[in-house]
Amino acid sequence: MMQRKLVLITGATGFVGRHLCPELKKAGFNLRAVFIESKPPAAWPGEMEWVKLDPIGPATDWYPALRGGVTHVVHLAAIAHRIAPKDQVDDSAYDEVNHLGTAQLARAVALTPSVRRFFFMSSIGAVTSLSDEMVNEQTPCHPDTAYGKSKLSAEQALRQIFSESQVEWCIFRPPLLYGPGNPGNMERLLRLLKLNVPLPLRSVRNRRSFLYVGNLVSAMSVALEHPAAARKIFCVSDGEEMSTAGLLRGLARASRQPVRLFPFPRSGLHLLGQIGSFVTRMTGRSVGFDAPAIEKLCGSLPVDGSFFRRTCGWKPPFTVEEGLVATVG
């Protein structure tokens, strides 16, 4: 008789969670998700059990969510890296939720006999946000944002908590995600493309790795049960690098609209970023470009995801072209 598989998902209503839940249902999991609001989502595809919890932090009581034979835990909930000035939070908020909240959940899981595996969604930001060299699991971690530091602290905490536990853990460090409904930097690029104005990015020769959300949830489904994924950290990517200019051209092809790129000195782009940051500081309103945004557009961050592919025999089911078409569709 096949043992019942019950997975607890935090952050189920977020970008990754909305794509992951159908994938786990196909893999034979029963789903339980937590919600913080007064009531669970009114419309949700497929069957889902919902459990109400207090906001995630260092004092969250996880017992109501973990009781009843939970076998797997997927922890996606986090304060994501904020871009717009109006959305900024104190650095302490990242630590409170992403680090201490994760540690509190890990301690509760370690005391729950039925749980076999704990999956934690970290970020390549736990290593760095920019690198000219290929980043992999052996790259020394030097996070340079409050978000990245909180994710690294969470990784370290859960590894220590589970070091004397029977619970197996698995950690993913994905690069920039994209897919239908994607938030953050990819959404900004799509808005930029839709303006249909000439963009000074043809001279940008950076190297960036990305991860389509369909590939991510496929890899997560494998990592939840594959024996070789236990107690390991993985960098996961599509396996294809692109420059910012190449990404814009790919998005333009996928959306069947033109993109006009012209060469512009990199020093000039950085000057524009500094001007944008100054205007933002003076007015409190974002002008759409600032120094960090220019760094993201011009900087490199190639990520080697081959270790997970070799370890678990996984191959991305979608090409970058297919992912971009789905994203703009």
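These are my notebook entries on a predicted protein model.

**Entry 1: the whole protein**

I started with the overall count. The secondary structure comes to 11 helices and 10 strands. The radius of gyration is 20 Å, close to the 20 Å that the globule rule gives for 329 residues, so the protein is as compact as a globular protein of that length. Next I looked up the spans along the principal axes. The C-alpha trace covers about 60 × 40 × 40 Å.

Then I turned to burial and surface. Buried residues make up 50% of the 329 residues. The protein exposes about 15,800 Å². Carbon and sulfur atoms supply 54% of that area.

I also checked how far apart in sequence the contacting residues are. I took the contacts with a separation of 6 or more. Of these, 78% come from residues 24 or more positions apart.

**Entry 2: the seven-stranded sheet**

In which order do the seven strands of the open sheet lie? I read the order as β3-β2-β1-β4-β5-β6-β9. The pairing is parallel. At the edges I found β3 (49-52) and β9 (232-235), each of which pairs on one side only. From one strand to the next, the twist averages 20 degrees.

**Entry 3: strand β4 and its partners**

I picked β4 (residues 72-75) for a closer look. Four bridges join β4 to β5 (residues 117-121), and the two strands run parallel. Four bridges also join β1 (residues 6-10) to β4, again in parallel.

I then looked up single residues. H72 stands opposite R117 in β5. On the β1 side, V7 stands opposite H72. H75 has F120 in β5 as its bridge partner.

Are the faces of β4 covered or open? Both faces are covered. H72 and V74 lie on one side, V73 and H75 lie on the other, and all four are buried. I noted the general pattern behind this: in a regular strand the side chains alternate between the two faces of the sheet.

**Entry 4: the nonpolar cores**

I looked for nonpolar cores next. In soluble globular proteins, nonpolar side chains tend to be buried together. The largest core here has 59 residues. Which of its members touch the most other members? They are I9, V16, V74, F119, F172 and M220.

I followed I9 further, leaving aside its neighbours within four places in sequence. I9 is in contact with C21, L24, L31, R32, A33, V34, V74 and L76. Apart from the largest core lies another one, of 31 residues. Among its members are I56, W62, V109 and A146.

**Entry 5: the three-stranded sheet**

There is also an open sheet of three strands, in the order β7-β8-β10. Its pairing is mixed. The edge strands are β7 (176-178) and β10 (241-242), and each pairs on one side only. Which helix packs on this sheet? Helix α11 (residues 320-328) does, touching β7, β8 and β10. The direction of α11 makes about 65 degrees with that of β7.

I checked one of the pairings. Two bridges join β8 (residues 208-212) to β10, and these strands run antiparallel. S209 stands opposite E241 in β10.

**Entry 6: two positive phi angles**

I searched the loops for positive phi values. N196 has a phi of about 55 degrees although it is not a glycine. N196 lies in the loop between α5 (184-194) and β8. Its relative accessible area is 37%, so N196 counts as partly exposed.

R231 also has a positive phi of about 55 degrees, and it is not a glycine either. I found R231 in the loop between α6 (213-223) and β9. R231 is partly exposed, with a relative accessible area of 36%.

**Entry 7: F262**

My last stop was F262. Where does F262 lie? F262 is in the loop between α7 (244-255) and α8 (266-283). Is F262 buried or partly exposed? Its relative accessible area is 32%; buried would need under 20%, so F262 is partly exposed.

I then listed its contacts, leaving aside neighbours within four places in sequence. F262 is in contact with P198, L199, P200, L201 and R202. I looked at one of these, R202, again. F262 and R202 are 60 residues apart in sequence. In space they are 5.1 Å apart, C-alpha to C-alpha.

Conventions
Residues numbered from 1 in each chain as written. Predicted model: local features only at pLDDT ≥ 70, side-chain atom pairs only at ≥ 80, totals over all residues. Heavy atoms only, no water. Pairing = 2+ DSSP bridges. Contact = heavy atoms within 4.5 Å. Axes fitted to C-alpha atoms, helices over the stretch in contact; angles between N-to-C directions. Rg over C-alpha atoms; globule rule 2.2 N^0.38 Å. Buried < 20%, exposed > 50% of the residue type's maximum accessible area, 1.4 Å probe, protein only. Areas by Shrake-Rupley, 256 points an atom, 1.4 Å probe, with all protein chains shown as cover. Core = buried A, V, L, I, M, F, W, Y, C linked by side-chain atoms within 4.5 Å.
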